[in-house]
Amino acid sequence: MNFVTNDKLVIVGAAGMIGSNMAQTAIMMGLTPNICLYDPYAPGLEGVAEELFHCGFQGVNITFTSDIKEALTGAKYIVNSGGAARKAGMTREDLLKGNALIAEEFGKNVKLYCPDVKHIVIIFNPADITGLITMLYAGVKPSQVTTLAALDSTRLRREIARHLDVAVDAVENCRTYGGHGEQMAVFASTARVNGKPLTEIIGTPALTEEKWAEIQQKVTKGGAKIIELRGRSSFQSPAYTSIEMIAAAMGGKAFRWPAGTYVSNDKYDHIMMAWETSIDANGCHCNELVGTDAEKAALDSSYKHLCELRDEVIAMGVLPPVSEWNKLNPNVK
């Protein structure tokens with residue numbers, strides 16, 4: 001098999017459903033022959049490793065460990081789903097304190113054991129905040145950490161296709177920006193259905209304004225719906241899209257969706273949020289984000305909410321004040 005890279009890829013949280021699916025997806029995509037699985041829960045981790053060995057994959061060196069130093073030493077790429085999972089009735093924000101501390105410890109371990117890491121993808125919620133914390137404590141460049149924001153856009157694509165009774169491939173360029181949560185900004189102006197702008201369909205009998213509002217609501221609560229249906233949080237979709245993201249960072253196929261990234265411009269600053277990006281072997285790059293005035297106002301609102309979460313983490317003492325971030329990570333201006 002021809003692999004995208006020979007560099008070491010570490011799956012953190014590999015004993016969980018997201019992590020185990022990420023490992024299998026990475027192997028099936030042919031990303032690297034050098035995959036290390038890490039999880040503090042040793043029995044479950046060994047079980048995942050055994051299952052992967054039983055798949056009979058060829059040309060892949062699968063290792064597993066519950067020693068974080070062993071796992072991270074020599075790592076060039078990391079995908080981390082190792083936070084607490086969301087349960088029924090919980091919002092992503094409900095996970096803030098516990099997962100913020102997990103992100104802090106993880107970032108410190110990255111800095112200690114693999115300071116030459118090339119790219120990190122953070123999955124665990126609230127991903128905008130845990131990714132930010134990881135980036136600051138790891139001491140890496142902001143372009144080297146991205147978070148999972150794609151699910152909101154893929155869910156939007158699915159809901160539009162379902163309502164209009166078209167194939168999902170007929171719906172293109174669906175985009176949500178800002179926070180990966182119920183305060184996300186859902187954009188209509190970017191999307192097209194069978195080549196026709198979605199904005200020309202909204203307000204017609206095919207997609208009334210009321211139905212469009214309902215679709216947006218379904219998208220913002222897409223994760224909660226999966227919990228309702230399956231009795232547990234999403235794992236197949238975050239596993240697949242996150243591995244697509246790390247593949248792009250390895251220099252593979254382009255990532256098709258918005259990514260959570262560190263944003264610093266004239267309007268939004270010192271925050272990690274879903275943005276229009278491109279990801280390649282040199283990291284994540286912010287592109288121009290275009291929308292209507294109403295969509296930009298929704299993005300402003302989402303940004304405000306993320307700033308409140310960030311400031312809450314600062315108040316906890318997990319992060320220093322924004323003015324001191326450069327001391328923690330000189331790559332952050």
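In this predicted model, strands S1 (residues 8–12) and S4 (residues 75–80) pair in the parallel sense, with five bridges between them. Within this pairing, Val-10 stands opposite Ile-78 of S4. S1 also runs parallel to strand S2 (residues 34–38), and four bridges join these two strands. Here Val-12 is the residue of S1 that stands opposite Tyr-38 in S2. To get from S1 to S2 the chain passes through helix H1 (residues 17–29), and the resulting β-α-β crossover is right-handed.

S1 itself is mostly covered, as five of its five residues are buried. In a regular strand, side chains alternate between the two faces of the sheet. In S1, Lys-8, Val-10 and Val-12 point one way, while Leu-9 and Ile-11 point the other way. Residues on both sides are buried, Lys-8 included.

Further along the chain is a pair of packed helices, H6 (residues 150–164) and H7 (residues 209–220). Two packed helices are described by the angle between their axes and the distance between the axes. For H6 and H7 the angle is about 140 degrees and the axes are 9 Å apart. An angle over 145 degrees would count as roughly antiparallel, and 65 to 115 degrees as roughly perpendicular; H6 and H7 are therefore oblique to each other. The crossing of H6 past H7 is right-handed. On the H6 side, the contact is made by Asp-152, Arg-155, Leu-156, Glu-159, Ile-160 and His-163. H7 contributes Lys-211, Trp-212, Ile-215, Lys-218 and Val-219 to the contact.

Conventions
Residues numbered from 1 in each chain as written. Predicted model: local features only at pLDDT ≥ 70, side-chain atom pairs only at ≥ 80, totals over all residues. Heavy atoms only, no water. Buried < 20%, exposed > 50% of the residue type's maximum accessible area, 1.4 Å probe, protein only. Pairing = 2+ DSSP bridges. Right-handed = clockwise from strand over helix to strand, strands pointing away. Axes fitted to C-alpha atoms, helices over the stretch in contact; angles between N-to-C directions. Parallel < 35°, antiparallel > 145°, perpendicular 65-115°, else oblique. Left-handed = near helix turned anticlockwise from the far one by under 90°. Contact = heavy atoms within 4.5 Å.
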